[in-house]
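Trainee: I have a model open on my screen and would like to learn how to read it. Could you walk me through it?

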Amino acid sequence: MHIQERVKNLQQQVTAAAHLANRNPDEILILAVSKTMPASKVEEAISCGFTAFGENKAQELLEKSSSIKQHVDWHFIGHLQTNKVRQIIDKVSLIHSLDRMSLAEEIQKQAQAIDIIVNVLAEINMAKEESKFGVAPENAERFLHSVSAYPNIRVKGLMTVAPFVKNPEENRKYFREMRNLLVDINSKNIDNISMDVLSMGMTNDYFQAIEEGATIVRIGTGVFGERQR
Ligand SMILES: *Cc1c(COP(=O)(O)O)cnc(C)c1O
């Protein structure tokens, strides 16, 4: 199947989920997760109208962002090692995976060195899975309070990777809790923190995520088909 065929169905579903929740579908970004896909597939997706791509490895992001000439937004969605920050920091429009103070410290240092502001999302481990990265929800406010002291970091919202489940309805509660967390933290009026981005939902559960308020859904398989590795 070509990307074009998958995308038609995807866009219909995104629109349907948005309408069910009385939301404007235009406020939802479909981030095409291009990890493991060759640059030629990204080009194909660009010709289908995608403008934002998600990668989870620094090296792969660097290679693809330099080989693709069209202007697109690159988002970093994977676990970010501190020693990779400098390489990607001026190539990405949003880092979804700020999950610890040592990473914030390094982003601040490198961003300051080249005088840029870096947009980030705080990654929250909503289901408290041992195997996952992310700040525990009960520590999120304290974490963001600390991050707010860094002038070259702008926290735009929250991101979560929900559990791998057969029935996506099982993840609805985590999406709902994350939206509540965002509203709650915004109400505290922390300096420098005013969040409106909720990055949640993947191919299996984006419908529920949109109903619960997602503003970015991260779709790999649903755009590109199954990954080989
Ligand atoms: C791979 C990946 C996705 C996309 O997964 P699909 O199930 O293929 O849509 C989304 N978010 C993150 C963080 C990923 O690593």
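**Reading the fold, from chain to side chain**

Mentor: Gladly! Among contacts in the protein chain between residues at least 6 apart in sequence, 59% join residues at least 24 apart. Keep in mind that this is a predicted model.

Trainee: Which helices and strands should I look for, and how many are there?

Mentor: Counting secondary structure elements is a good start. The protein chain here has 9 helices and 8 strands. Its radius of gyration is 17 Å, close to the 17 Å that the globule rule gives for 229 residues, so the chain is as compact as a globular protein of that length. Along the principal axes, the C-alpha atoms fill a box of roughly 45 × 40 × 30 Å.

Trainee: How much of the protein chain counts as buried?

Mentor: For burial, we ask whether a residue has under 20% relative accessible area. In this case, 52% of the 229 residues count as buried. The chain exposes about 11,300 Å², and carbon and sulfur atoms supply 47% of that area.

Trainee: And the charges: how many positive and negative side chains are there?

Mentor: Here you compare the two sets and where they are centred. There are 27 positive and 29 negative side chains, and the centres of the two sets lie 3 Å apart.

Trainee: Let's zoom in. What span does helix H7 reach?

Mentor: To read a helix, set its end-to-end reach beside the expected one. H7 covers residues 172-187, and its 16 residues reach 23 Å from first C-alpha to last, close to the 22 Å expected at 1.5 Å a residue. Just after H7, Asn189 takes a positive phi of about 50°.

Trainee: Which residues of H7 are buried, and what covers them?

Mentor: The buried ones are Arg172, Tyr174, Phe175, Met178, Leu181, Leu182 and Ile185. Their cover includes helices H6 (140-147) and H8 (206-211), along with strands E6 (153-159) and E7 (197-199).

Trainee: Now a single residue: is Glu60 buried or exposed?

Mentor: Look at the accessibility and then at the neighbours. Glu60 lies in helix H3, residues 58-67. Because its relative accessibility is 13%, Glu60 counts as buried. Leaving aside residues up to four places away in sequence, Glu60 touches Ser34, Lys35, Thr36, Met37 and Glu55.

Trainee: Which other residues of H3 are buried along with Glu60?

Mentor: Ala58, Leu61, Leu62, Lys64 and Ser65 are buried too. What covers the buried residues of H3 includes helices H2 (39-47) and H4 (85-88), and strands E2 (52-55) and E3 (73-76).

Note on methods:
Residues are numbered from 1 along each chain as its sequence is written. This is a predicted model: local features need pLDDT of at least 70, side-chain atom pairs count only at pLDDT 80 or more; totals for chains, interfaces and linings use all residues. Side-chain values use heavy atoms; hydrogens and water are left out. Helices (H or I, at least four residues) and strands (E, at least two) are DSSP runs, numbered from the N terminus. The radius of gyration is taken over C-alpha atoms; the globule rule is 2.2 Å times the number of residues to the power 0.38. Buried means under 20% relative accessible area, exposed over 50%, partly exposed in between (1.4 Å probe, protein chains only). Contact means heavy atoms within 4.5 Å. Accessible areas come from the Shrake-Rupley method with a 1.4 Å probe; for residues, only the protein chains shown count as cover. Lys and Arg count as positive and Asp and Glu as negative; His and the chain ends are not counted. The place of a charge is taken as NZ of Lys, CZ of Arg, CG of Asp or CD of Glu. The expected span of a helix is 1.5 Å times one less than its number of residues.
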